[in-house]
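Me: I would like to go through this model and ask, for each label attached to it, what the label rests on. Please set each value against its cut-off where one is needed.

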Amino acid sequence: MKLIKAVRGTKDIFGEESQKYDFIIKTAQDFFSRYGYTSIKTPIFEETELFKRGVGEGTDIVEKEMYSFVDRGDREITLRPEGTAPVVRCYLENKIYTKEEVSRFFYFGSMFRYERPQAGRQREFNQIGVEVLGESSPTLDAEIISMGYNFLKKLGLKDLEVRINSVGDRETRTRYRSRLVDFLMPIKEELCDDCKIRIEKNPLRVLDCKNENCKEKTKDAPVIIDSLSDEERKHYETVKKYLSLFDIDFKEDARLVRGLDYYSSTVYEIVTNKLGAQGTVLGGGRYDNLLKQLGDKDIPAFGFAAGVERIMMLLEEYPKVGTDIYIAWLGEETKDTAFKIANGLRLEGKSVIIEYENRSLKSHMKKADKINVKYVLILGEDELQKGKILLKNFTDRTQEEISVVEIYDRFI
Ligand code: HAM
């Protein structure tokens, strides 16, 4: 019989990997809540139109990476390729702007993109993201950048680099776009096939082409920073000032444009040199026009998302989930008391492992060793008659006989 395998580009997470996953999510929840973020859960699928309008028709995501289908009710549906557009949809639909001035959301979950799978790149992957809606201050930009960076540092990640840029608003980009196209057109034939198309569709993307020849040929291309308005420049300078105030080292990267259309003003990425081509661990920026585009509202916003699988690849240490107590019962007469003790300890917050079938002492000890337990309680028939139980400390290997009623005093 043919064994059914996970679909190409998807991965199961279990065992040690799931301990890493849980640790990352828990750290994010704890850390982001210090800044006032609360969690938000949006559906895994949305109307396709949301991403076309939100992420942008000319982007790789919308053009060739979406998992789109028509459902049984003839609706055009897409598995979410990212979390920002869904959060904005939820915010507008529920008129959250009428309830609070600034909203701070945190989310995690699966995203779907039909990309070529390789290490650090999957078709179903997990993101942790944050979105702040209703605040235009550049101080917020710097605060979020530093929050994301400090979150990764808290997880113990090393050798991270923060890269920032400003891509200006739509007017700035239109102005810059024509300057860039003027530069690119004369050298069009010398660029890779993808870039030839990009010049027509999305010339800014030529700047982050990975092809060495394209990089060389475009190294003197005009940069967007030079096209910023005075106000945009001031915003960018303030972001840099506050990044320094928050002790964040950063590198200005005039070519950083990001792959989603909704950005305006500040954009940034946190990269590592340890993951080869998939070195971007976290990316985000300001998207002040997205709410206008999706709901005709002038509400500024900023956010980021980090790839959980990429963080997992970089994570060196994480707390191993251990078991507090293993209960070894010997002989059918002891079983009921042993299970009563196990239940009681679990209700008091201890983790307890207990077997369902009678075993020899040797087999119990082997099992307890394997699961890395701290204490073993051994209940034999003789002990039970005396109302006693043997407590074995598995760290220093000492043991003592205690009375059954004493157990709770010892552990709780
Ligand atoms: P993004 O840059 O498309 O931004 O994705 C953010 C992060 O998700 C990437 O830096 C990477 O770590 C991870 N990632 C992306 N694609 C894959 C993949 N195929 N396999 C594994 N990991 C991947 C966004 O999604 C924006 N929504 C971020 C944002 C939030 N901007 C503002 N708010």
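Me: Which residue in β15 does Val376 stand opposite?

Reply: In this predicted model, Val376 stands opposite Lys392 in β15.

Me: What makes β14 and β15 a pair of strands?

Reply: Two strands count as paired if there are at least two bridges between them, and 4 bridges join β14 to β15 (residues 388-393), so the criterion is met, with the two strands running antiparallel. Strand β14 also pairs with β12 (residues 325-329), to which 5 bridges join it in the parallel sense, and here Ala328 stands opposite Ile378 in β14.

Me: Why is strand β14 called largely enclosed?

Reply: A residue is buried when its relative accessible area is under 20%, and 4 of the 5 residues of β14 (residues 375-379) are buried, so the strand is largely enclosed by the rest of the structure.

Me: What makes β1 and β8 the edge strands of the open sheet?

Reply: The sheet consists of 8 strands with mixed pairing, in the order β1-β5-β6-β11-β10-β9-β7-β8, and β1 (38-39) and β8 (250-252) are its edges because each pairs on one side only. Within this sheet, β10 (residues 280-286) and β11 (residues 301-307) pair in the antiparallel sense over 5 bridges, with Leu282 opposite Ala306 in β11. Helix α1 (residues 16-33) packs on the sheet, touching β5, β6 and β11, and its direction makes about 165° with that of β5.

Me: How do you know that the buried residues of α2 are on the same side of the helix?

Reply: The buried residues of α2 (residues 48-55) are Thr48, Leu50, Phe51, Gly54 and Val55. They cover an arc of only 155° around the axis, which puts them on the same side of α2. These buried residues pack against several elements, among them β2 (45-47), α3 (60-65) and α10 (290-295), while just after the helix Gly56 takes a positive phi of about 110°.

Me: What makes the approach of Glu82 to the ligand a polar contact?

Reply: A polar contact needs a pair of N or O atoms within 3.5 Å, and an N or O atom in the side chain of Glu82 is 2.7 Å from a nitrogen atom of the ligand, so the pair qualifies. By the same cut-off, the side chain of Tyr263 qualifies at 2.6 Å from a ligand nitrogen, and so does a backbone N or O atom of Phe304 at 3.4 Å. Of the 25 residues that surround the ligand, the closest include Glu82 and Tyr263.

Key:
Residues numbered from 1 in each chain as written. Predicted model: local features only at pLDDT ≥ 70, side-chain atom pairs only at ≥ 80, totals over all residues. Heavy atoms only, no water. Contact = heavy atoms within 4.5 Å. Axes fitted to C-alpha atoms, helices over the stretch in contact; angles between N-to-C directions. Buried < 20%, exposed > 50% of the residue type's maximum accessible area, 1.4 Å probe, protein only. Arc of directions from axis to C-beta. Near = heavy atom within 4 Å. Polar contact = N/O pair within 3.5 Å; in protein donor to acceptor, adjacent residues only side chain to side chain.
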